[in-house]
Amino acid sequence: MKLDELVQHSGEWLRGTGRESDIVISSRVRLARNVASYPFVTRLMDQERSELAGLLRETIEKLAPQLHWTYIDVSALDDLDRQLLVERQLISRELAEAQGPRGVAIDQGEQLSLMILEEDHLRIQVVHSGLELQAAWEQMKRVHALLEEHLTFAFHEQFGYLTACPTNVGTGMRVSVMMHLPALVLTRQIEQLFRSLQKINLAVRGLYGEGSQPVGDFFQISNQVTLGRSEEELLKQVGDVVPTIIQFERKARDFLIKEGYENLLDQVNRAYGILKACRTISSEETLHLLSRVRMGVNMGLIRDVPLGVLNKLIIYTQPAHLQKLQGEELDSAARNVQRARYLRKLLAGEQDELSENN
Amino acid sequence: MKCQKCEQNATFHITELTGGKPVELHLCQKHAREYLQGEGGEPESLSQASEVLAQYLGVGASAEELARLQQTVCPVCGISFYDFRQQGRLGCPHDYEAFGQELEAVLISVHGETRHVGMRPPRGAEDSQELIQVIRLRRQMHQAAAEEAYEKASQLRDEIQRISQQVAQRRHQPPSSQSESPESAS
Ligand SMILES: [Zn+2]
Ligand SMILES: [Zn+2]
């Protein structure tokens, strides 16, 4: 797989399919694993690191017929390509910025990825569109079992699967759900929700743009504890709370319709209008406005944009994607112009010089 | 050492693992508890909320104990528990053995538990245990090669291969009775 092909189509998890996909964007499960016969990543000597990267790559290639994935040598990529993988959530910023041999295996639909030599030797991740934690977990079990046929993972009778940071030890599992909660933000109930989630040991984090402030009402909810509970219990811990949050969000949306319909309509249409007409726009503003439009679509206030297009725009209006689409490096000002063009093209159907590049 | 928030003695030394550089916090019991429960954080700050994502380590250790922790060293990878506290990352799987006691305090503060339940490798911890020795042998081998003790290096290489092959062969055999009953060990 070449990264230039990657940019031509978007991942399965952005399709806007799956249960509750108006509010739940994606369901994600990841496992942290380490190979028993090597030190953890920070203590690998150069020679060990190359050897281990080779061994893992070999294993990935052996499993390619079953898992339909391709190995990408992240250390051989340029900055822009690494950034592209970060924006697609296929690798972490940490892996992008690390030094030395490292890589990632990605399957065709981008539902499955395996980071090599990040914080742990392996970080296996499965992502599905919508509220599909169980489906993601079933796929994860299959992938994990295949990997365990070829590799012996560091495991301890008492502590379970061993990880470089004790915050991940035991199951090594992080279950998370990316949710879109604009009405809870507008009605100022979101902080209260976060506090109650923290009390039951769930973590919440925002989706970040280029800056450090979370933007766009997208939130990821995940388990904190990885030890002392089984994988099924962790799935249930996160899965159980999601329907309640969905219900809160729907109630807040009903409230907005009942109590402030004109205001709501104004906000949604204003956002849509800007995105369709702008000539230069930052990624923060884009994400903020896309969030409003997405809410409008889900509430039936805007009818001519499919959810999949909006999900795709969230990823494709980010810097590396824009530059890949354009086929050249762009500075921030040029990106803002290019971003506006791309938005107009996808939302207003405007044909311009963009289409010349296909 | 005094607590950073009051005049009490600091009995908790916490390494905050957020972002790139670990930050050391020295707190009394009351303030450590507040900190770990996230009550000190501004609720509107999302990043704060996300950092409650168990990115902290709370370790009860007096300042005098730090010296002792510097001397608790993993025989396989060579890091001390103090190094771990500084960097926030362990050095090798054996650290969970070598720092067992100290780590249990960390695990309690992060997970509220010290015992894994959930998936297990088909053969339990047996293969993992054996392969951890390979880490040490491989390092000895590189050392020997660097010192041009080639005969010793090649002996070590044979030993590594023997262990690795043994484990690889066993992988496809039914598990031994020992690894079938994990509970009997406790
Ligand atoms: Zn204090
Ligand atoms: Zn060690």
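Here is a quick briefing on confidence in chain B and on two helices of chain A. This is a predicted model, where local features need pLDDT of at least 70, side-chain atom pairs count only at pLDDT 80 or more, and totals for chains, interfaces and linings use all residues. Residues are numbered from 1 along each chain as its sequence is written. The model comes with an ipTM of 0.87 and a pTM of 0.83.

**Confidence in chain B**
- The mean pLDDT (the predictor's confidence in each residue, from 0 to 100) of chain B is 75, with 66% of residues at 70 or above.
- Helix α2 (residues 46-51) of chain B sits lowest, at a mean of 32, while helix α5 (residues 95-98) of chain B is highest at 94; helices here are DSSP runs (H or I, at least four residues), numbered from the N terminus.
- Residues 39-61 of chain B stay under 50, yet have 65 contacts (heavy atoms within 4.5 Å) beyond four places in sequence.
- Residues 178-186 of chain B are also below 50, with eight contacts beyond near neighbours in sequence.
- Where pLDDT is low, don't read the predicted coordinates in detail.

**Helix α2 of chain A (residues 46-62)**
- Its 17 residues should span 24 Å at 1.5 Å a residue (times one less than the number of residues), and the end C-alpha atoms are indeed 24 Å apart.
- Buried residues (under 20% relative accessible area, 1.4 Å probe, protein chains only) include L52(A), A53(A) and L56(A).
- The buried set covers an arc (directions from the helix axis to the C-beta atoms) of only 130 degrees, so it lies on the same side of α2(A).

**Helix α10 of chain A (residues 283-298)**
- In α10(A), 12 of the 16 residues are buried, among them L287(A), R292(A) and M295(A).
- Just past α10(A), G300(A) has a positive phi of about 75 degrees.

Notes. Chains are lettered from A and ligands numbered from 1 in the order in which they are written. Side-chain values use heavy atoms; hydrogens and water are left out. Helices (H or I, at least four residues) and strands (E, at least two) are DSSP runs, numbered from the N terminus. Buried means under 20% relative accessible area, exposed over 50%, partly exposed in between (1.4 Å probe, protein chains only).
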